[in-house]
Amino acid sequence: MKLLFQLSQLNQKAVAIAFCFLLLPNPLLSARAEGKQDLQDQQKQRVSSQQPLTLLAQATTNKKNSQKTTNKPKLFTHNLEFNRSPIVGNRLRLQGSYAETRLGFTRPRSWNVKSLKALLRFQHSPALYANRSSLTVLLNNTSIGSIPLNRRESKVGQVLLNIPSRMLQDYNELKIVAQQNNSEQCSDPGSPELWTEILPDSKLIFQFQPQPIALNFSQYPYPFIDKLSLEPNRIVYLQPNQVAPSWLTATSRLQASFGRLADFRPIQTNLVSNIIDVKDNDRLVIVGTPSEQPFLADLKLPVKIVGSQVLDTNQNPIPSDRGILLMTTTENGVPVLVVTGNGPKGVAKAAQALSQPQVQKMSTGKVVFVDRLQEVVTPGIRKWPRYLPEANSFELKNIKTQVNGEPFSDVTVRGSGAPPVEIDFRALPDDRFLRGSSMNLVYSYGPQVNPRTSAVEVLLDGVFIGGARLTSESGETRKNLKVDLPANLVQPNSKLQVFFRMNSREPFDRQNCTAPPVEQLSGTVHADTSFDLKRETSVQLPDLKLLQFGFPFAAPQDLSRTAVVLPSIPTDTDILTLFAFSERLGRLSRADAVKLDVYTPDSLPGAVRKEEHLVGIGTLDQFPFPEVFREPQGFNFGQGFIRSAKAATIQTPQDKQGAIKQVISPWNSDRVILALTAQTSTGLDRVRQILNQDSWFFQLKKDTVLIDSNRANPVPYDPDAYQLAFFQDAPSTSRVENTSILSKVSRLIQDNWLLLPTGIVGISLLLYGIAQLYLKRVDPNDSK
């Protein structure tokens with residue numbers, strides 16, 4: 001065997017050339033032409049090393065092959081860094097003798113991935129024993145590479161792993177496994193010296209070619225919303241000749257439906273006035289009649305447009321109340337969604353069809369005519385699909401708040417370090433919990449647990465609320481544990497966690513370096529775990545923190561009690577802010593339709609003004625509800641860049657801040673007005689950016705927030721991009737509730753407990769006075 005590795009240089013060349021000929025029977029025939037300069041450089045290099053030079057088809061260049069080479073599709077590169085995942089943060093730590101972590105990513109539908117590489121940068125403990133420590137990377141449970149952990153002094157290591165593109169799926173899982181030991185003989189699995197960190201600048205490097213996009217409504221919302229996209233979906237609306245309330249309503253409903261379909265995936269929305277301004281990675285949406293959108297005549301549509309009318313197959317104008325949905329592309333191949341008709345009713349009907357899931361399932365082809373839409377019944381005000389059921393007594397399987405929307409089923413976890421069983425326990429935003437709420441946990445666990453050190457724990461938002469020991473060595477089935485749910489901890493974003501802290505009966509054997517088996521340790525949470533809640537409907541408005549969950553604008557979930565009002569001549573910033581608010585409400589709600597309405601001050605009916613929650617958008621000089629800033633108390637804006645509050649009145653001539661303010665409607669004390677405003681368009685654009693970014697939107701609280709930034713183009717993910725200032729200065733408040741008199745008195749005492757001693761003293765004095773009057777009447781001769 002040694003002789004095989006001591007061949008001369010000539011023999012090595014012969015073996016290499018023979019191997020190439022075995023793989024490529026005629027490599028010279030398919031050789032590519034090289035540039036003259038490259039050949040000269042190569043010749044100089046070979047002459048200097050005394051190696052022969054072989055010219056590859058320099059004189060006989062094949063024009064066809066050369067043309068194929070120049071016309072070869074271009075490869076695009078995309079880097080997906082690990083720090084985009086919220087679980088990574090500053091580092092991804094692997095602790096213990098055996099540790100693993102998982103990261104998920106998708107493959108966009110429009111990508112033909114040619115190559116994929118994983119660049120891992122890592123650090124590990126200097127105490128690791130190199131011969132017994134390694135890092136293994138798996139994609140979809142298939143190993144793609146393994147390296148030893150042998151860096152000295154915790155120096156940063158780096159490895160580039162090739163991933164075969166055939167291993168990719170729509171949804172992929174990258175698993176990183178660390179096998180770590182700090183001794184040649186025996187390592188304690190719990191030693192703090194056993195650690196490896198994956199650095200956040202590690203990344204996946206894609207090289208891909210764009211694939212042709214098949215336009216078909218059976219695949220909607222693709223290609224306008226790609227749920228597998230690694231980048232934000234880019235939606236561009238073409239502005240009509242004249243912005244009318246009907247166009248604003250149709251586009252806002254469509255944008256709300258995009259928000260529902262995208263869910264947590266980001267969307268970038270923009271406006272263009274000409275099709276030539278659309279970029280290659282945009283998705284164009286055209287809403288309006290042919291007279292409102294004259295650029296429709298420039299597109300290759302599957303229907304014929306003559307003048308300002310869309311014609312059917314018989315060359316007759318389509319009725320004005322018939323909706324038309326079309327898919328096409330621009331000259332540059334950008335997908336275009338057309339929502340049109342020969343009248344405003346037809347356009348509204350077409351837009352409404354895209355917001356109804358049942359209609360989407362029936363659609364196919366590039367053309368859809370919407371003749372009739374059944375009116376979707378408005379759901380109940382407290383019927384929120386992703387929150388707790390309306391009934392106070394229910395079981396775990398009745399909670400449909402999981403990622404896939406399916407009911408909760410039995411969940412089993414294994415191992416001594418088993419992950420928790422997580423349950424989304426989202427209370428309705430207007431829920432007020434009372435004492436006495438409880439959870440009856442039904443669980444099972446397997447044999448071989450150590451009863452002295454094993455337990456089951458229940459946590460609510462990370463706070464321990466109950467637990468019990470796992471006392472049986474042979475395991476138990478369907479055991480019950482009653483846990484009290486603290487009234488002050490249950491919130492609209494609460495999460496229950498059930499931990500099984502399981503340890504094996506056999507301890508770690510240091511003498512034989514034998515770790516106890518842990519995979520046989522198992523714990524199960526059963527779907528018939530029940531809840532008994534004590535709650536009532538009671539909420540105080542205004543409160544911007546409730547806006548984080550869409551309340552009260554998303555009650556009911558089809559947004560039928562919300563109206564948005566824009567200036568009579570809205571600017572681009574006004575319209576984009578409308579789209580941002582509509583998209584946010586779409587993300588926060590789930591219903592079979594979108595019934596959000598948009599008006600201008602002149603078109604706003606009096607009944608809507610009085611009965612619905614209102615949202616005003618616009619700079620201060622064009623704000624549709626000036627009544628919001630005429631209150632004598634609280635934080636207010638005034639003309640001439642005036643600001644006033646309880647403390648002072650000031651003037652800010654260089655005001656570029658945005659403001660979000662919520663007040664009680666002056667026309668109905670049970671309704672609110674949300675003001676999205678600023679002194680300048682720059683400030684209003686910052687309001688739009690806050691509505692678009694989750695990390696900033698979910699910081700809203702109190703009743704007023706001022707938004708500022710020291711940068712012209714803030715980076716959304718920069719923690720210092722914006723500065724938020726909060727105020728609680730509402731001139732009036734209103735409590736919307738459905739409670740008993742006893743509950744109202746109890747709440748009044750709890751909210752104003754300082755008045756309780758004064759009340760007791762006052763009542764005592766009153767009773768004493770009544771008693772004295774009674775005694776004087778009984779004995780009138782007693783003058784003393």
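This briefing looks at two helix pairings and the cavities in this structure. The model is a predicted one. Helix H5 is a good place to start, as H5 packs with H4 at axes that come within 9 Å and also supplies at least two residues to the lining of the largest cavity.

**Helices H4 and H5**
- H4 covers residues 245–262, and its axis crosses that of H5 at roughly 10 degrees.
- Angles under 35 degrees count as roughly parallel, so H4 and H5 get that label.
- On the H4 side, the contact is made by Ser246, Ala250, Arg253, Leu254 and Ser257.
- H5 answers with Pro344, Val347, Ala351, Gln352 and Leu354.
- Sorted by class, this contact has six nonpolar residues, three polar ones and one charged.

**The largest cavity**
- Using a threshold of 30 Å³ or more, the count comes to two cavities.
- The largest has a volume of about 40 Å³.
- Its lining is made up of Phe217, Tyr220, Leu325, Ala353, Leu354, Val359, Gln360 and Ser363.
- Two helices, H5 (344–354) and H6 (357–362), each bring at least two residues to that lining.
- Leu354 turns up twice in this story: it lines the largest cavity and belongs to the H5 side of the contact with H4.
- Six of the lining residues are nonpolar and two are polar, with no charged ones.

**The second largest cavity**
- This one has a volume of about 30 Å³.
- Around it sit Ile381, Arg382, Trp384, Leu428, Pro429, Asp430, Phe551 and Ala555.
- Here the lining splits into six nonpolar and two charged residues, with no polar ones.

**Helices H7 and H9**
- Further along the chain, H7 (residues 572–588) packs with H9 (residues 681–692) at an angle of about 15 degrees, and their axes are 9 Å apart.
- With the cut-off for roughly parallel set at under 35 degrees, H7 and H9 therefore fall into that group.
- The crossing of H7 past H9 is left-handed.
- From H7, the contact draws on Thr573, Asp574, Leu576, Thr577, Ala580, Phe581, Glu583 and Arg584.
- From H9 come Ser681, Leu684, Asp685, Arg688, Leu691 and Asn692.
- That contact is a mix of five nonpolar, four polar and five charged residues.

How values were computed: Residues are numbered from 1 along each chain as its sequence is written. This is a predicted model: local features need pLDDT of at least 70, side-chain atom pairs count only at pLDDT 80 or more; totals for chains, interfaces and linings use all residues. Side-chain values use heavy atoms; hydrogens and water are left out. Axes are lines fitted to C-alpha atoms, for helices over the stretch in contact, and angles run from 0 to 180 degrees between N-to-C directions. Helices (H or I, at least four residues) and strands (E, at least two) are DSSP runs, numbered from the N terminus. Angles under 35 degrees count as roughly parallel, over 145 as roughly antiparallel, 65 to 115 as roughly perpendicular and the rest as oblique. A crossing is left-handed if the near helix is turned anticlockwise from the far one by less than a right angle, and right-handed if clockwise. Contact means heavy atoms within 4.5 Å. Ala, Val, Leu, Ile, Met, Phe, Trp, Tyr, Cys and Pro count as nonpolar, Asp, Glu, Lys and Arg as charged, and the others, Gly among them, as polar. On a 1 Å grid over the protein atoms alone, a cavity is a set of points where a 1.4 Å probe fits but cannot get out, and a pocket is an open set with protein on both sides within 12 Å along at least five of seven lines; lining residues have an atom within 4 Å of a point. Grid points are joined across faces, edges and corners, and a volume is the space filled by probe spheres set on the points.
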